[in-house]
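Trainee: Could you take me through one part of this model in close detail, strand by strand and partner by partner? I would like a single connected account.

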Amino acid sequence: MNEIAILYFHGLLKDLLRTKRNITLDNKDYKKIIYPVIRSSSIKDIIESLGIPHTEIGGLILNSKKIYFDYILHPTDNIHVYPHIKPIKPDNYLFSQPIQNYRFLVDVNVGRLAKLLRILGYDCAYNPYWDDEFLAQKAYEEKRILLSRDIQLLKRKKVLWGKLILNEDPKSQLKEVIDHFGLKIYYRPFSRCLVCNTELKPVRKKQIFHKLEPKTKRYFNQFALCPRCKKIYWAGSHVEKMEAMIKEIKRRKTNT
Ligand SMILES: [Zn+2]
């Protein structure tokens, strides 16, 4: 009868649990799961079998000591599982590779986040035709943070960095990402192509003059060009709209 371990899920992780196993709510801080230790499994696999992707875990504590995702669960273990403390620290001990730069990759289910992150200047790869296997491989090879609402995708081993997006509205999703990673809202606004993610280059008006609409020719003098898709940008009404959006994001409150 002693072949059981007890797992305590803290904070937001309580709401991510998806299991028919016996859950008891001992207090408002955690949910307790009595887990029969039948075979040798890593704590990562066990937590994910209970519904929580490893990307959402910030700390694992056994007898006041930190343990890692590859720890094999033993009978009588009492393990506390914690979410990330926001803003998430790039050198969190659970990540096998600390991240250097905040570069993103978004899944099709949060596709509108790509453009919003690019408005702020963040490198954000996106293509609605990439499938789960490709996304996980790309995130791994290019050390990108994968943003998705798909729990199964975030459970993949190749996804070292990720975030399960909880909000439904794209602007709230952006605020959720900003708060989670401690991003700068005014990082490098209007420096990146919103269509293809490439960094923009300043361009002289006379070089692109023949491509401009009459009103744009008349009223604007500073332009930037996407070297890849050749889209031309200038400080017109759409930039004003984006600035208003950034201000709104700053004020926005999310539930997470
Ligand atoms: Zn472009």
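Mentor: In this predicted model, Phe104 stands opposite Cys124 in strand S8, and Phe104 also stands opposite Ile145 in S9. Phe104 belongs to strand S7, residues 104-106, which runs parallel to S9 and is joined to S9 by three bridges, while two bridges join S7 to S8, again in the parallel sense.

From S9 the pairing continues to strand S10, residues 162-164, over three bridges and once more parallel; here Leu146 has Gly162 in S10 as its bridge partner. Taken together, these pairings give an open sheet of four strands in the order S8-S7-S9-S10, with parallel pairing. Strand S8, residues 124-125, and S10 stand at the edges with a single partner strand each, so one side of each is left without a neighbour in the sheet.

Strand S9, residues 145-148, deserves a closer look for its side chains: Ile145 and Leu147 point one way, Leu146 and Ser148 point the other way, and all of them are buried. The background to this pattern is that side chains in a regular strand alternate between the two faces of the sheet.

As for the wider setting, the chain is divided into domain 1 (4-83), domain 2 (89-190 + 238-256) and domain 3 (201-234). The centres of domain 2 and domain 3, taken over C-alpha atoms, are separated by 29 Å.

Methods
Residues are numbered from 1 along each chain as its sequence is written. This is a predicted model: local features need pLDDT of at least 70, side-chain atom pairs count only at pLDDT 80 or more; totals for chains, interfaces and linings use all residues. Domain bounds come from an automatic or database domain assignment. A residue is buried if 20 or more other C-beta atoms lie within 10 Å of its own, exposed if 12 or fewer, and partly exposed in between; C-beta atoms are placed from the backbone. Two strands pair if DSSP finds at least two bridges between them.
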